[in-house]
Amino acid sequence: MSILQKANEDVGLDQPLVEVKDIVINHWKKYGRHFYCRYDFEGVESDAANSMMDLIRSSFVENDVSSVAVDSSGIKLVDATEFGYVDPVDGSETSQPGLILSFEYPNNGLPARVVFRLSGTGSSGATIRMYLERFEKDPARLFSGSV
């Protein structure tokens, strides 16, 4: 609310108020915008889910990504990392829940990434979440709405 209050402090009684939408669009124009898309794959056989994560880990995280060939799109893999998680409530630690593949677009060097998150590998199957993220700073493309 304080952001809206500040944005509207000099608005006259006969002028339209600055809306949240206006603040967000101005923020995107100044700093750029991140696009996100999430895909959930539920009920995956646990061994298969772990094998997929192991394949990504051994192919990219544990190897030199500079040797990965660039395909016809020109998008380049620039980094591959693994992350852990510490629960802020109970302090429990989860190791190896996810992998991040970081990319760079050829013409503008802007970042993108794919995050694979594995959870629930118990007896009833696993869930794999795949997040696609892309950063855009070109004002003409801020409203494209796609990753």
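1. Start close to the beginning of the numbering, with a pair of charged side chains: lysine 6 and glutamate 9 make a salt bridge, and their closest N and O atoms sit 2.9 Å apart. Keep in mind as you look that this is a predicted model. Lysine 6 has 55% relative accessibility, so it counts as exposed. Glutamate 9 comes out at 49%, so this partner is classed as partly exposed; the cut-off for exposed is over 50%.

2. That pair has company, since a search of the whole structure turns up 8 salt bridges. Another one to click on is arginine 129 with aspartate 40, where the closest N and O atoms are 3.4 Å apart. Here the two partners come from separate strands: arginine 129 belongs to β5 (residues 125-136) and aspartate 40 to β1 (residues 33-44), so the salt bridge ties together parts that lie 89 residues apart in sequence. As for accessibility, arginine 129 is partly exposed, with a relative accessible area of 21%. Aspartate 40 is also in the partly exposed class, at 31%.

3. Next, have a look at glutamate 82 and arginine 57, whose side chains meet in a salt bridge at 2.8 Å, N to O. This one links a strand to a helix: glutamate 82 is in β2 (residues 76-86) and arginine 57 is in α3 (residues 46-61), so parts 25 residues apart in sequence are tied together. Are the two partners buried or exposed? Glutamate 82 is partly exposed, with 27% relative accessibility. Arginine 57 has just 8%, and because buried means under 20%, arginine 57 counts as buried.

4. Some of these contacts join up. Arg38, Asp40 and Arg129 form one network through salt bridges that share partners. You've already met two of its members, as aspartate 40 and arginine 129 are the pair with closest N and O atoms 3.4 Å apart.

5. Finally, stay with β2, the strand that holds glutamate 82, and see what lies alongside. Which way do β2 and β3 run relative to each other, and how many bridges join them? The two strands are antiparallel, with 9 bridges between β2 and β3 (residues 93-104). If you'd like a spot to check by eye, threonine 81 stands opposite isoleucine 100 of β3. Together β2 and β3 make a hairpin, with 6 residues between the strands. Within that turn, look for glycine 91, which has a positive phi of about 75 degrees.

Notes:
Residues numbered from 1 in each chain as written. Predicted model: local features only at pLDDT ≥ 70, side-chain atom pairs only at ≥ 80, totals over all residues. Heavy atoms only, no water. Salt bridge = Lys/Arg side-chain N within 4 Å of Asp/Glu carboxyl O. Buried < 20%, exposed > 50% of the residue type's maximum accessible area, 1.4 Å probe, protein only. Helix = DSSP H or I, 4+ residues; strand = E, 2+ residues; numbered from the N terminus. Pairing = 2+ DSSP bridges.
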